Amino acid sequence: QLRVVESGGGLVQPGGSLRLSCAASGFPLGAYNIGWFRRAPGKEREGVSCIVSSGGGPIYTDSVKGRFTISRDNAKNTVWLQMNSLQPEDTAVYFCAARHVLVGGCSLDPNAFYNYWGQGTQVTVSS
């Protein structure tokens, strides 16, 4: 089955860190640009970060710049989102999505077409 699966979510105190993983199953992640999105309670889905297939030129939404870092290892078919200095407003379900390079480049537009979406992992930042 072709899919991406997120893991690594959980409950963390403000100022804490989490590392999310996005693992591809059934296809080579190296041919895909990978985006991380999130949906907070009562809010629309928003783009958080994206990394192109080669691993270069990651992009971030303004609210996470300097706190979140996206990285990938195509040999391990995995992309990570390191989240530091977490705040309550980061509470959301986080999704990873894979977009084939022939479809287009990285996009943080929540309505952009991505070939595969994961089921999401819950991140809760609370004291």
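Let's start with one residue: Ala 92 is buried, with a relative accessible area of 1%. Keep in mind as you look around that this is a predicted model. To be called buried, a residue must fall under 20% relative accessible area, so Ala 92 with its 1% qualifies.

Where does Ala 92 sit in the chain? Its place is in strand β9, which covers residues 92–100. Now look at what surrounds this residue. Leaving aside residues up to four places away in sequence, Ala 92 touches Arg 38, Arg 39 and Ala 40, and also Thr 121, Gln 122 and Val 123. For a residue that is not on that list, try Lys 65: 27 residues along the chain from Ala 92, its C-alpha atom is separated from that of Ala 92 by 17 Å.

Let's step back to the whole chain. The protein chain has 11 strands and zero helices. Reading from the N terminus, you meet β-β-β-β-β-β-β-β-β-β-β. The radius of gyration is 13 Å, close to the 14 Å that the globule rule gives for 127 residues, so the chain is as compact as a globular protein of that length. Along its principal axes, the C-alpha trace spans about 40 × 25 × 25 Å.

What about the inside and the surface? Of the 127 residues, 46% count as buried. The chain exposes about 6,100 Å², and carbon and sulfur atoms supply 48% of that area. As for charges, the chain has 11 positive and 8 negative ones, and the mean positions of the two groups are 5 Å apart.

Contacts tell you how the chain folds back on itself. Among contacts with a separation of 6 or more, 61% are between residues 24 or more positions apart.

Aromatic rings offer another example to follow. A search of the whole structure finds six aromatic pairs. One of them joins Tyr 32 and Tyr 116: the ring centres are 5.9 Å apart and the planes lie at 50 degrees, so the pair is tilted. Tyr 32 belongs to strand β4 (residues 32–39) and Tyr 116 to strand β10 (residues 116–117), so this pair ties together parts that are 84 residues apart in sequence.

Is Tyr 32 buried or exposed? Tyr 32 is buried, with a relative accessible area of 9%. The two tyrosines also have company, as ring pairs link Phe 27, Tyr 32 and Tyr 116 into a cluster.

Notes:
Residues are numbered from 1 along each chain as its sequence is written. This is a predicted model: local features need pLDDT of at least 70, side-chain atom pairs count only at pLDDT 80 or more; totals for chains, interfaces and linings use all residues. Side-chain values use heavy atoms; hydrogens and water are left out. Helices (H or I, at least four residues) and strands (E, at least two) are DSSP runs, numbered from the N terminus. The radius of gyration is taken over C-alpha atoms; the globule rule is 2.2 Å times the number of residues to the power 0.38. Buried means under 20% relative accessible area, exposed over 50%, partly exposed in between (1.4 Å probe, protein chains only). Contact means heavy atoms within 4.5 Å. Accessible areas come from the Shrake-Rupley method with a 1.4 Å probe; for residues, only the protein chains shown count as cover. Lys and Arg count as positive and Asp and Glu as negative; His and the chain ends are not counted. The place of a charge is taken as NZ of Lys, CZ of Arg, CG of Asp or CD of Glu. Rings of Phe, Tyr and Trp (its six-membered ring) pair if their centres lie within 6.5 Å; planes under 30 degrees apart count as stacked, over 60 as edge-to-face and the rest as tilted.
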